[in-house]
Amino acid sequence: MLDSLLTLDVPEGIGLEIVLGDCTPSPEIGVQPWIERFDGRLRYEAFGANLGFGAGHNRLFLPSSADHLFLLNPDCLAPHHLVDRVWAAAGRRPDWGIVEVRQIPLEHPKNFDKSTFETSWASGCCSLVNGEL
């Protein structure tokens, strides 16, 4: 998954910081080579426990000065145009809160308005979150 992040096309003017949260009881992955490959744009935080979805993401987001949080589960493969397309989708609606990416081939079944693409919930597996939320 991290390899796919190296190929991301990031729109002009967007600063990208990659934050990796590790929920294992004792950190086992070697992140130093990844920090070097990402030119210091990768921040790693070991939680030492599974904090759960909300608490884990809050812990990663709150120390940041970012206006937006892009959530990406560790089992996702990111195509090079992922950030660009999600950012463009958010730009079409000034009042957006979360832009969720389709999860192919396995998606959560849910209803959405086919003209506005609005839905009552987002899974958070691959989403851009407006920090004002």
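**Figure 1. Strand S4 meets strand S5 in the predicted model.** In this predicted model, strand S4 (residues 98–100) pairs with S5 in the antiparallel sense, and 3 bridges hold the match. To find your place in this view, start from glutamate 100, whose bridge partner in S5 is serine 127. Serine 127 shares one side of S5 with Val129, and both residues are buried.

**Figure 2. Strand S3 also pairs with S5.** Here strand S3 (residues 68–72) runs antiparallel to S5, with 5 bridges joining the two. Leucine 72 is a handy landmark, since its bridge partner in S5 is cysteine 126. Cysteine 126 lies on the side of S5 that also carries Leu128 and Asn130.

**Figure 3. Strand S5 is covered on both faces.** Take a look at both sides of S5: Cys126, Leu128 and Asn130 on one, Ser127 and Val129 on the other, and every one of them is buried. In numbers, 5 of the 5 residues of S5 are buried. As background, side chains in a regular strand alternate between the two faces of the sheet.

**Figure 4. Strand S1 has one covered and one uncovered face.** In strand S1 (residues 18–22), the covered face is made up of Ile18, Leu20 and Asp22. Val19 and Gly21 make up the uncovered face. S1 pairs with strand S2 (residues 42–46) in the parallel sense, over 5 bridges. A good point to begin tracing this pairing is isoleucine 18, which stands opposite leucine 42 of S2.

**Figure 5. The largest nonpolar core gathers 17 residues.** Within this core, the residues with the most contacts are Leu5, Leu8, Leu82, Val86, Val99 and Leu128. S1, helix H4 (82–91) and strand S5 (126–130) each supply at least two of the core residues. H4 gives the largest share, 4 residues. Nonpolar side chains tend to be buried together in soluble globular proteins.

**Figure 6. Leucine 8 and the residues it touches.** This view centres on one of the core residues with the most contacts, Leu8. Leaving aside residues up to four places away in sequence, leucine 8 touches Leu16, Ala78, Pro79, His80, Leu82 and Val83. Leu82 is also listed among the core residues with the most contacts.

**Figure 7. Two phenylalanine rings form a stacked pair.** The model has 1 aromatic pair. It joins phenylalanine 112 and phenylalanine 117, whose ring centres are 6.3 Å apart and whose planes meet at 15°, so the pair is stacked. Phenylalanine 112 is partly exposed, with a relative accessible area of 42%. Phenylalanine 117 counts as exposed, because its relative accessibility is 61% and the cut-off for exposed is over 50%.

**Figure 8. Lysine 110 sits over the ring of tryptophan 121.** For those who enjoy a charge placed over a ring, the charged end of lysine 110 lies 4.4 Å from the centre of the tryptophan 121 ring.

**Figure 9. The whole chain, for orientation.** The chain has 4 helices and 5 strands, and from the N terminus on they run α-β-α-β-α-β-α-β-β. Its C-alpha trace spans about 45 × 30 × 30 Å along the principal axes. The radius of gyration is 15 Å, which agrees with the value near 14 Å for a compact globule of 133 residues. Of these 133 residues, 28% count as buried. Among contacts with a separation of 6 or more, 63% are between residues 24 or more positions apart.

How values were computed
Residues are numbered from 1 along each chain as its sequence is written. This is a predicted model: local features need pLDDT of at least 70, side-chain atom pairs count only at pLDDT 80 or more; totals for chains, interfaces and linings use all residues. Side-chain values use heavy atoms; hydrogens and water are left out. Buried means under 20% relative accessible area, exposed over 50%, partly exposed in between (1.4 Å probe, protein chains only). Two strands pair if DSSP finds at least two bridges between them. Rings of Phe, Tyr and Trp (its six-membered ring) pair if their centres lie within 6.5 Å; planes under 30 degrees apart count as stacked, over 60 as edge-to-face and the rest as tilted. A charge sits over a ring if NZ of Lys or CZ of Arg is within 6 Å of the ring centre and within 35 degrees of the ring normal. A nonpolar core is a set of buried Ala, Val, Leu, Ile, Met, Phe, Trp, Tyr and Cys residues joined through side-chain atoms within 4.5 Å. Contact means heavy atoms within 4.5 Å. The radius of gyration is taken over C-alpha atoms; the globule rule is 2.2 Å times the number of residues to the power 0.38.
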